[in-house]
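Welcome! Here is a friendly briefing to read with the sequence and the model side by side.

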Amino acid sequence: MLKPNLDELKKLAKDKHIENKKYFDKLKKKTPKNLDYVMQDLHDVEFKKTNCLECANCCKTTGPLFTSADIERISKHFKQKPQQFIDQYLKIDEDNDYVLQNVPCTFLDNENYCMIYDVRPKACREFPHTDRKKFQQISDLTLKNVAICPAAYNIVEEMKKKMPF
């Protein structure tokens with residue numbers, strides 16, 4: 001399977017964008033009954049050979065949403081009040097969600113390790129969301145993620161082979 005570097009990935013994702021969009025539109029209209037099982041398998045196979053520490057592009061280029069539960073958990077980890085954590089690290093975006101003030105992620109170290117890995121936000125734990133139930137509901141997010149995450153790119157390419165329309 002292809003292991004695109006990050007420069008190639010952006011171009012590949014852009015080149016495949018229209019094809020992928022059409023594919024996901026068809027997927028939404030006629031969702032295979034076994035989609036979630038297929039996606040779980042594709043996800044598991046890809047992440048057996050993918051080491052996120054080699055890349056960490058998600059942490060370098062995007063910021064996760066922080067839920068109230070995330071804020072509570074992480075602020076407790078830092079022995080801060082939730083509002084202190086918010087003031088120090090977060091801002092409210094155009095969708096009225098809490099996001100990081102800065103990207104790359106404040107909590108990413110020089111070796112691509114997450115300094116709050118055990119208490120990281122739900123969005124980080126679930127990224128790139130390729131094993132999510134009702135996968136067809138997040139096709140717009142997946143279209144964005146294939147340009148960020150080599151594993152997501154590979155999973156979508158395999159998905160199109162396994163479930164052609």
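**Aromatic rings**

Both Tyr89 and Phe107 are buried. Keep in mind that this is a predicted model. The points below begin with these two rings and their partners, then turn to the fold, a pocket and some backbone details.

*Ring pairs and the cluster*

- Ring pairs join Tyr89 and Phe107 with Phe66, Phe78 and Phe85 in a cluster.
- The structure holds 10 aromatic pairs. One of them, Phe78 with Phe85, is stacked, with 6.2 Å from centre to centre and 20° between the planes.
- The two rings of that stacked pair can be told apart by their surroundings: Phe78 is partly exposed, at a relative accessible area of 29%, whereas Phe85 is buried, at 0%.
- Tyr89 and Phe107 make a tilted pair, because their ring centres are 4.9 Å apart and their planes meet at 50°.
- Tyr89 belongs to helix α5 (residues 82-89), while Phe107 is in the loop between β3 (98-100) and α6 (122-126), so this pair ties together parts that are 18 residues apart in sequence.

*A charge over a ring*

- Which residue has its charged end over the ring of Tyr117? Arg120 does, at 3.7 Å from the ring centre.

*The overall fold*

- Eight helices and three strands make up the elements of the chain. Starting at the N terminus, their order is α-α-α-β-α-α-β-β-α-α-α.
- The chain is as compact as a globular protein of its length, because its radius of gyration of 17 Å is close to the 15 Å that the globule rule gives for 165 residues.
- The C-alpha trace spans about 50 × 30 × 30 Å along the principal axes of the chain.
- Of the 165 residues, 38% count as buried.

*The second largest pocket*

- How much space lies in the second largest pocket? There is about 150 Å³.
- Its lining is formed by Leu6, Asp7, Lys10, Asn57, Thr61, Thr62, Ala147 and Ile148.
- Helices α1 (6-29) and α3 (57-61) each supply at least two of the lining residues. The largest share, three residues, comes from α1.
- By character, the lining of this pocket divides into three nonpolar, three polar and two charged residues.

*Cis peptide bonds*

- Val103 and Pro104 are joined by a cis peptide bond, with omega near 5°. Pro104 is in the loop between β3 and α6, and Phe107 of the tilted ring pair is in that loop too.
- The peptide bond from Phe127 to Pro128 is also cis, and here omega is about 5°. Pro128 sits in the loop between α6 and α7 (139-145).

*Positive phi angles*

- Asn96 is a residue other than glycine with a positive phi, near 70°. You can find Asn96 in the loop between β2 (90-92) and β3.
- Is Asn96 buried or exposed? Asn96 is exposed, with a relative accessible area of 60%.
- Lys134, likewise not a glycine, has a positive phi near 55°. Lys134 lies in the loop between α6 and α7, and that loop also holds Pro128.
- With a relative accessible area of 47%, Lys134 is partly exposed.

Conventions: Residues numbered from 1 in each chain as written. Predicted model: local features only at pLDDT ≥ 70, side-chain atom pairs only at ≥ 80, totals over all residues. Heavy atoms only, no water. Phe/Tyr/Trp six-rings, centres within 6.5 Å; stacked < 30°, edge-to-face > 60°. Buried < 20%, exposed > 50% of the residue type's maximum accessible area, 1.4 Å probe, protein only. Helix = DSSP H or I, 4+ residues; strand = E, 2+ residues; numbered from the N terminus. Lys NZ or Arg CZ within 6 Å of the ring centre and 35° of its normal. 1 Å grid on protein atoms, 1.4 Å probe; cavity = no way out; pocket = protein on both sides within 12 Å on 5 of 7 lines; lining within 4 Å. Points joined across faces, edges and corners; volume = space filled by probe spheres on them. Nonpolar A, V, L, I, M, F, W, Y, C, P; charged D, E, K, R; others polar. Rg over C-alpha atoms; globule rule 2.2 N^0.38 Å.
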